[in-house]
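Trainee: I should like to work through this structure step by step, with the reasoning made plain in each reply.
Mentor: Very well; let us look at it together and begin.

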Amino acid sequence: MSPSEQHIEHPEHPGDAGAGPDGPSPDGQHTLDVSYPVGKLAATVERLRQEVRAAQAEADGRALIELAKGILVERLGCGPAQAARQLAELADQAKVTPLELAVDVINQSARDRLSEVTGAFLAGAQGGGSPPADRPEAERAPAVRLREAESGALAAPDTQAVADSLFHHALTPLGAVAVAIWTARSDGSLTLAGSAGFTPAEAGRWHYVPPGVKTVARTCLTERAGQWIGSLSATGLPSIGQHHHPDGGRAALPAGTGGRVHGVLEVVWATPLPPQSPQVVRQVEALAELCAHTLETYAFVHDDENASEPRVLPDAAELVDLADGLHDPALVLVPYTLDGQLVDFRIHHVNSRFLDPAGRPRGLVSGALLLEAYPMAAGESELFQRVERVYATGEPFRAQRMSLTALVDQVPLAAVADISISRHGGSVLLIWRIEDETARLASLLQHAQRLGRIGGFEENLLTGEITWNGQLFSLYGRSPASGPVPLEELAAHAHPDDAVAIGRFLRTLLHHRRAASAAFRLQRPDEVTRHIRVVAEPVLDADGRPFVVRGAYQDISAQHWTEVALAATRDQLAHSEQQATERNRLTLQLQHAIMPPTHVPLKAPGLDVAVRYRPAETEQLVGGDWYDAVVLPSGLVLLCVGDVAGHGIEAATSMVVLRNALRGLAVTGAGPGQLLSWLNSVAHHLSGSITATAVCGLYDPDTRTLRWARAGHLPPVLVRDTEAVSLPLLKGLLLGAVPEVAYAEDEVQLAAEDTLLMYTDGLIERRDRTMEESMTQLLTTVRAAPCTLDQQLDRLLTYSRSDTDDDTCIIGIRVA
């Protein structure tokens, strides 16, 4: 490299390898040609930045040395000059730098969190015990780094400077490449209070995170626990710097003190982060605590990316004024800590509208601890946990109708409340709107009476005083000014035909002194008749005589007319069922007249013919399946089966039409394809556009040949010896779909002992299997053929139980 060039570390990615205008340098750093004005300016800026860092580190070190001198002055009772000499002599004897010895003195004197962390780290490095004074510098570095980071943070004017100090002194030696300090706002949002290692553009994009957006920092804040993430891409959570280091590790720790989380410290590594040792984890936790002290002192209002001003957090006095101005009961709670840990909240103030659920005066509640005043707040109601969470995270909590029954132990309460909890500065405002259970139940009763159209009454038999509620006046159609109606005048306001029922009701109530009820038709002044049910009971005195009657009237008009409508519906349904039964009976008679379940075998030369018909198991679903087997005048044997779409009388009559039409057409001597074509015209034009499937065959006994055709139906099955096959699936549309259709024919040569089966789909269709599976099972069943044709058909019906509510027809022929 020429003297005019020098290595300059990129300010946005310190330590990363990259290339400047002249390419990467041997050590991986960017290089800029300082002969150009821009290169010279960048070199100057970098030199000044390094000088500032060195000066800041020197200042932090001097601050620690001066603090150690002060400790020696106090312990040794000497002057500052003697303390400085003593520190220099001890450092020389221990072979360490004055700064390292100063840190040791501070740690031994402070006994704070940083002392515990560095002590644990060094003890782990040495295998336990007190670390020796001449320990290596690498082992003493964590103590120095943490104290320098603390010194820089305490002297920092804002959180941005705190982030720079933590990053430079403590996090860079741990391999971190960036750090972000988030402030948790009371509305649940996150603000980037300070960062280091990110570009200005990236910090600007993540300046504000709205409430509800789930990020790494949000997860840490919600769970109030440290998040150590090996690789950011594995979580799927967004966060600052995610595009620059997508596979890098992350650590997010809550920055809080005294039970309150003020923000989150998020540390970024460029590469996946392996599990860290407990010493490193404690170091980062100590750094998060340093951030918490800064965030507790300052609340930052960012007007732009370069401006931030400290604002003093509101104190409890301001919150008291706010609570007193509210129209709802409110408590002001302040945290109560022991040894720096939040253990409870003190009730600092209760406003004048506050009502204690246990009925205690406000003075006994104000000033008490929350768990002392309400010991069950940490139990089922989880009220204390809600307050604690709001105080820690700043996210407000609201709930409607939270039960306060278990809030105070051994005090019978039946109260619910709308709860609102919010944090204001270092205090918590708790608002609850307690709902009186008695008033609520009264309101529920009133609504129930209104919805049920019920009106209550009470009548004093001795004084004649009668009390009606408003709903009862509405039922009677009377104004409250007209007064209530006595029981003895009830019959005068009812239909005359109901006088007997009302008289029986009054005798049972007043004479027999028992509770009674009656239904009557109320005739209102507006000439509207309502059906009313009255229920009442007598209240007896010490002598057993009734002196008060209490009861209720209910408008049952809707119920009455509903019962009338139901009775009419039941009558109509019974009539419809009777008609349906008669209709099905006639349909079955028609079907059985055409195709009786049992048949006499057909006599044909050289041929055994058998038929079987099995009606559907549900008699209400009479189907349209049909079959026919007849010897024609020409000597040919007509064999056919079919299935008309639908059920009931329409399907049965359509079946009769098609069956008889095919018989008449067959005497013409036409082939099966022509017969089906004519039958299609009959189905389409002459029978109300019915649809059906069919298979038709003509068997010639002389040649033992079968000519056949199909119209959307399953083809026949041929059984020869121990083999069974389904005949080819010929082209043929179902009957009645279109006006004219041509049907293909096929011819099969039969041999002695061959069996041919024609059937409807009720034989093989099943809801739990496909048609292919059913066909395979059918072929398997017919292979094992018994001795006779009748036995074979019976076997088919036995092993094919229908579950589709359809009829089944089978025609079988066996060549002699």
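**A helical pair, a sheet and its partners**

Mentor: In helix α7 (residues 200-205), R205 and E202 are 3 residues apart, which means that about one helical turn separates them. Please bear in mind throughout that this is a predicted model.

Trainee: How far apart are the closest N and O atoms of R205 and E202?
Mentor: An α-helix has 3.6 residues a turn, so residues three or four places apart point the same way. R205 and E202 form a salt bridge. Their closest N and O atoms are separated by 2.2 Å.

Trainee: Is E202 buried or exposed?
Mentor: A residue is called buried when its relative accessible area is under 20%. The relative accessibility of E202 is 1%. Its partner R205, at 53%, counts as exposed, whereas E202 counts as buried.

Trainee: How many salt bridges does the count come to?
Mentor: The rule asks for a side-chain nitrogen of Lys or Arg within 4 Å of a carboxyl oxygen of Asp or Glu. One network of salt bridges links D541, D543 and R545. By this rule the count comes to 16.

Trainee: How many helices and strands are there in the protein chain?
Mentor: The protein chain has 816 residues, and buried residues make up 45% of them. Among contacts with a separation of 6 or more, 59% come from residues 24 or more positions apart. As for its elements, the chain contains 22 helices and 31 strands.

Trainee: In what order do the 6 strands of the open sheet lie?
Mentor: The pairing in this open sheet is antiparallel. The order of its strands is β21-β22-β31-β30-β27-β28.

Trainee: Which are the edge strands?
Mentor: An edge strand of this sheet pairs on one side only. From one strand to the next, the twist averages 20 degrees. The two edge strands are β21 (602-604) and β28 (723-726).

Trainee: Which residue in β30 stands opposite V717?
Mentor: Strands β27 (residues 717-720) and β30 (residues 755-759) pair over 3 bridges in the antiparallel sense. Opposite V717, in β30, stands L757.

Trainee: What angle does the direction of helix α21 make with that of β28?
Mentor: Helix α21 (residues 771-783) packs on the sheet. The strands that α21 touches are β27, β28 and β30. Its direction and that of β28 make an angle of about 145 degrees.

Trainee: Which strands does helix α22 touch?
Mentor: Helix α22 (residues 789-798) also packs on the sheet. The direction of α22 makes about 25 degrees with that of β22. The strands in contact with α22 are β22 (607-614), β27, β30 and β31 (808-815).

Trainee: How many residues apart in sequence are the parts that R612 and D794 tie together?
Mentor: R612 forms a salt bridge with D794, with 2.8 Å between the closest N and O atoms. R612 is buried at 17% relative accessible area, while D794 is partly exposed at 35%. Because R612 lies in strand β22 and D794 in helix α22, the pair ties together parts whose separation in sequence is 182 residues.

Trainee: Where does D754, the partner of R720, lie?
Mentor: The side chains of D754 and R720 meet in a salt bridge, at 2.6 Å from N to O. D754 is buried, with 2% relative accessible area, whereas R720 is partly exposed at 34%. R720 lies in strand β27, so the pair ties together parts 34 residues apart in sequence; D754 itself lies in the loop between β29 (746-749) and β30.

Trainee: Why is helix α8 described as largely enclosed by the rest of the structure?
Mentor: Helix α8 covers residues 216-223. Its buried residues are V216, A217, R218, T219, C220 and L221. The helix is largely enclosed because the number of buried residues is 6 of the 8.

Trainee: Which residue follows α8?
Mentor: The residue in question has a positive phi, near 55 degrees. It is R224.

Trainee: Which residue supplies the backbone oxygen that lies 2.9 Å from a polar atom of the R423 side chain?
Mentor: R423 belongs to strand β14 (residues 416-424) and is buried, with a relative accessible area of 6%. The residues that R423 touches include A184, R260, Y391 and V428. The backbone oxygen at 2.9 Å is that of Y391.

Note on methods:
Residues are numbered from 1 along each chain as its sequence is written. This is a predicted model: local features need pLDDT of at least 70, side-chain atom pairs count only at pLDDT 80 or more; totals for chains, interfaces and linings use all residues. Side-chain values use heavy atoms; hydrogens and water are left out. Helices (H or I, at least four residues) and strands (E, at least two) are DSSP runs, numbered from the N terminus. Buried means under 20% relative accessible area, exposed over 50%, partly exposed in between (1.4 Å probe, protein chains only). A polar contact is a pair of N or O atoms within 3.5 Å; within protein, one must be able to donate a hydrogen and the other to accept it, and residues adjacent in sequence count only if both atoms are side-chain atoms. Contact means heavy atoms within 4.5 Å. Two strands pair if DSSP finds at least two bridges between them. Axes are lines fitted to C-alpha atoms, for helices over the stretch in contact, and angles run from 0 to 180 degrees between N-to-C directions.
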